[in-house]
Amino acid sequence: MKPRAVLLAACLGLTIALAACTSSDGRVPSAAGQPASQGGAVITVGSFDFPESVLLAEIYGQALAANKFPVRILPDLGSREVVNPALMDGLVQLVPEYAGSALEFVSLGRLSATSNAGAANRALAGSVAGRGVVAARPAPAQDANAIVVTAATAARYHLRSIADLARVAPHLVFGGPPECPGRAYCLQGLKRAYGLHFKAFIPLDAGGPLTLQALVAGYIDVALLFTTDPDIPARHLVVLADDRGLQPAENITPLLRRDVIARYGPNLVAVLNRVSALLDTGTLRALDARVERAGQNPRLVAGSWLRAHGLIPARGDAR
């Protein structure tokens, strides 16, 4: 299918999913199990199709539900090519995003984020403003792209930084998400900033189990993972230093529709900001470990963390 046809089909599927989540009388229950408050439309919180994004949607969604906002959480909606247009078109109302990647996507590559979190957030806020979307306060937590090798590969080729790959890349196989060849911070950026030309590229998944397993098993030599991946320390993998600053600041940043703020008032954003203020990189990595390594339900992990910080009631998990 052509890209536009793919997007239209995905949005049609998303519309059907939204309709299916509505009760027969047209009223949508909140995530807290209470009738939708204030007589307003439901706030649909969407996530990308990987575990951390699902977890973040649960964290922000449950926090809103505990404050009596009518919330519906839709996990695993797809890639940024599906989820962000759905947000811009109002099919979903809130998406926990990653600042640098979101800026690159929304601006169609015209704006590039830097490693400065404040500058990245200001640029993102300006870029989405004309689409009826507001960027809430970014969390200290970042989940940036990480170029990773095994300890054995690092020792064999004396690798400490991405620049060190230049002399050996033609002999190595790179693995990452299928969209990597066309992404400015993946293969395109590695070629532009570091002059890297790998022997081959194998499309796998977005920093998920396929990429990890292929790296550990030796089917690929270099992988794109994410900095909050709990398997990096657990499996003693080596993150190569981004010494030329290719990767932008990727602070977790809730993007939400301006009309939702107009409907429910500034307390909606205040709740999101309270959550973000408590979410740092170490915390997010630990929560990811509970989901990805221990196999716990993201909804329950989110609820447990929110209760521990007094962001939802001590009893129940706001769902």
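Which residues of strand 8 lie on one side and which on the other, and are they buried or exposed? I would like to start there, keeping in mind throughout that what we are looking at is a predicted model. On one side of strand 8 we find Val-222, Leu-224 and Phe-226, on the other side Ala-223 and Leu-225, and all of these residues are buried, which leaves both faces of the strand covered. As a general point, side chains in a regular strand alternate between the two faces of the sheet. Since five of the five residues of strand 8, which spans 222-226, are buried, the strand is largely enclosed by the rest of the structure.

Let me now place that strand in its sheet. The sheet is open, has five strands in the order 7-6-8-5-9, and its pairing is mixed. Its edges are strand 7 (200-203) and strand 9 (238-239), each of which pairs on one side only. Strand 8 runs antiparallel to strand 5, residues 145-149, and four bridges join the two, with Asn-145 standing opposite Phe-226. With strand 6, residues 173-176, strand 8 pairs in the parallel sense over two bridges, and here Gly-175 stands opposite Ala-223. Further along, strand 5 and strand 9 pair in the antiparallel sense over two bridges, and Val-148 has Val-239 of strand 9 as its bridge partner. Lying across strand 5, strand 6 and strand 8 is helix 8, residues 209-217, which runs at about 140° to strand 8.

The second element I want to discuss is helix 4, residues 99-106, which is largely enclosed by the rest of the structure because seven of its eight residues are buried. Those buried residues are Ala-99, Gly-100, Ser-101, Ala-102, Leu-103, Glu-104 and Val-106, and they pack against helix 3 (80-88), strand 3 (94-98), helix 5 (117-129) and strand 10 (252-257). After helix 4 comes Leu-108, which has a positive phi, near 55°.

Finally, a word on confidence. The chain has a mean pLDDT of 87, and 86% of its residues reach 70 or more. Among its elements, the lowest mean pLDDT, 44, belongs to helix 1 (residues 3-20), and the highest, 98, to helix 6 (residues 151-157). The pLDDT is below 50 over residues 1-12, a stretch that has seven contacts in the model beyond near neighbours in sequence. Over residues 19-39 the pLDDT likewise stays under 50, and for these the model has 30 contacts beyond four places in sequence.

Note on methods
Residues are numbered from 1 along each chain as its sequence is written. This is a predicted model: local features need pLDDT of at least 70, side-chain atom pairs count only at pLDDT 80 or more; totals for chains, interfaces and linings use all residues. Side-chain values use heavy atoms; hydrogens and water are left out. Buried means under 20% relative accessible area, exposed over 50%, partly exposed in between (1.4 Å probe, protein chains only). Contact means heavy atoms within 4.5 Å. Two strands pair if DSSP finds at least two bridges between them. pLDDT is the predictor's confidence in each residue, from 0 to 100. Axes are lines fitted to C-alpha atoms, for helices over the stretch in contact, and angles run from 0 to 180 degrees between N-to-C directions.
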